[in-house]
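This report describes one protein chain for a reader who has not met it before. Please look over the sequence and the model first.

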Amino acid sequence: MRTISKKFDRVEVCRNCKGSGKSPMGGTCPVCNGTGMIDKHLDIDITIKPHKNDNRR
Ligand SMILES: [Zn+2]
């Protein structure tokens, strides 16, 4: 078995402030810290199982 770790870095528009960087309640958006963009890091582990040729019928 093998495990492959993949990392995805994506930048998305902040949904909390819709990219404005300002909180709807006033002040700086706490989610994106006023940048309006969010860095998303996805760590995915993919496990590959060896193919078994068990085609006995
Ligand atoms: Zn925001």
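The text below goes from the whole chain to its strands and then to single residues.

**The chain as a whole**

The model is predicted. The protein chain holds 2 strands and 0 helices. Its radius of gyration is 21 Å, well over the 10 Å that the globule rule gives for 57 residues, so the chain is more spread out than a compact globule. Taken along the principal axes, the box filled by the C-alpha atoms is roughly 65 × 20 × 10 Å. Of the 57 residues in the chain, 4% are buried. Among contacts between residues at least 6 apart in sequence, 47% join residues at least 24 apart.

**The two strands**

Strand 1 covers residues 2–13, and strand 2 covers residues 37–48. How do the two strands pair, and over how many bridges? They pair in the antiparallel sense, over 12 bridges. Two of the pairings can be named. I4 stands opposite I46 in strand 2, and V13 has M37 of strand 2 as its bridge partner.

How many of the 12 residues of strand 1 are buried? The number is 0, so strand 1 lies largely in the open. Strand 2 is hardly covered either: it has 12 residues, and the count of buried ones is 0.

**A residue in strand 2**

D43 has its place in strand 2. Is D43 buried or exposed? With 8 other C-beta atoms within 10 Å, D43 is exposed, because a residue with 12 or fewer such atoms counts as exposed. Leaving aside residues up to four places away in sequence, D43 touches S5 and K7. Both S5 and K7 fall within residues 2–13, the span of strand 1. From D43 to N16 the separation is 27 residues in sequence and 23 Å in space, C-alpha to C-alpha.

**The loop between the strands**

K18, G21 and N33 each have a place in the loop between strand 1 and strand 2. The table gives the surroundings of these loop residues.

| Residue | Other C-beta atoms within 10 Å | Exposure |
|---|---|---|
| K18 | 12 C-beta atoms within 10 Å | exposed |
| G21 | 17 C-beta atoms within 10 Å | partly exposed |
| N33 | 12 C-beta atoms within 10 Å | exposed |

The backbone angle phi is worth a look at two of these positions. Most residues other than glycine have a negative phi. K18 is not a glycine, yet its phi is positive, at about 60°. N33, also not a glycine, has a positive phi of about 60° as well.

What does G21 touch, not counting residues up to four places away in sequence? Its contacts are T28, C29, C32, G34, T35 and G36. For one of these, G36, the distance is also known: G21 and G36 are 4.2 Å apart in space, C-alpha to C-alpha, and 15 residues apart in sequence. With 17 other C-beta atoms within 10 Å, G21 is partly exposed, because its count lies between the 12 or fewer of an exposed residue and the 20 or more of a buried one.

**In short**

The predicted model has two strands paired in the antiparallel sense. Strand 1 lies largely in the open, and strand 2 is hardly covered. In the loop between them, G21 is partly exposed, while K18 is exposed, as is N33.

Notes: Residues numbered from 1 in each chain as written. Predicted model: local features only at pLDDT ≥ 70, side-chain atom pairs only at ≥ 80, totals over all residues. Helix = DSSP H or I, 4+ residues; strand = E, 2+ residues; numbered from the N terminus. Pairing = 2+ DSSP bridges. Contact = placed C-beta atoms within 7 Å. Rg over C-alpha atoms; globule rule 2.2 N^0.38 Å.
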